[in-house]
Amino acid sequence: MIYLIGFMGSGKSTIASRLAEKLQCSCIEMDESIEKQEGLTIPEMFAQHGESYFREKERDFLRSLEGEAVVSTGGGVILSKENCEMMREGTVIYLHAGWETIVHRLKNDTSRPLWSGDESEKKQRFEDRLRLYKEAAHHVVVVDDKAPEVIAEEIAARL
Ligand code: S3P
């Protein structure tokens, strides 16, 4: 299993689908799968049941995975040590986008409950997570200005 991790807006979904095509395996989009299972969007889940409920669903979903696929994870998957341990049984790739890139990409985004609050809160969340992404990953790929195809190629070359 190959897990793509990284902050919101780092391009995990786009790159996962390119990489899966390249490797000719399936692509699993975690957030979308959990939304389907629950019959709720992520903002609805957060609003109705709270963040901890969503985190439980993330953990259950990771536990249920088997076989070979490229998995695009949610940005907060690394908040749980147990999740990190599960993922490290496969290969974990951290897509690192700098703060400026993230802000530019998410500037009009209203679909992510944790991309909220003022700028300093968002930046704090980004900085707090950097270490967790690095610790969880087998490989770090800097994504900033690169095309998805180039990034997928770079990852494939490292596997
Ligand atoms: C989250 C990121 C989101 C989604 C949820 C929580 C986070 O996924 O799982 O809103 O904690 O960073 P993306 O990274 O795909 O935006």
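This briefing walks through a sheet, two of the helices and the surroundings of a ligand. The model is a predicted one. At its heart for our purposes is an open sheet of five strands with parallel pairing, and a good way in is to follow the strands across and then look at what packs on them.

**The sheet**
- Read across the sheet, the strands come in the order β2-β3-β1-β4-β5.
- β2 (26–29) and β5 are the edge strands, and each has a single partner, so one side of each is left without a neighbour in the sheet.
- On average, neighbouring strands are turned by 25° against each other, direction ignored.
- Four bridges join β2 to strand β3 (residues 69–72) in the parallel sense.
- Across β2 and β3, you can find Glu29 opposite Ser72.

**Helix α2**
- Helix α2 (residues 30–38) packs on the sheet, where it touches β2 and β3.
- The direction of α2 makes about 65° with that of β2.

**Helix α8**
- Ile151, Ala152 and Ile155 are buried in helix α8 (residues 148–158).
- These residues cover an arc of only 100° around the axis, which means that they sit on the same side of α8.
- An α-helix has 3.6 residues a turn, so residues three or four places apart point the same way.
- The packing partners of the buried α8 residues are α1 (12–23), β4 (91–96) and β5 (139–142).

**Around the ligand**
- The residues around the ligand are Met8, Lys12, Asp31, Ile42, Gly74, Gly75, Gly76, Arg112, Pro113 and Leu114.
- By type, this shell divides into four nonpolar, three polar and three charged residues.

Terms used: Residues numbered from 1 in each chain as written. Predicted model: local features only at pLDDT ≥ 70, side-chain atom pairs only at ≥ 80, totals over all residues. Near = placed C-beta within 6 Å. Nonpolar A, V, L, I, M, F, W, Y, C, P; charged D, E, K, R; others polar. Buried ≥ 20, exposed ≤ 12 C-beta atoms within 10 Å, placed from the backbone. Helix = DSSP H or I, 4+ residues; strand = E, 2+ residues; numbered from the N terminus. Arc of directions from axis to C-beta. Contact = placed C-beta atoms within 7 Å. Pairing = 2+ DSSP bridges. Axes fitted to C-alpha atoms, helices over the stretch in contact; angles between N-to-C directions.
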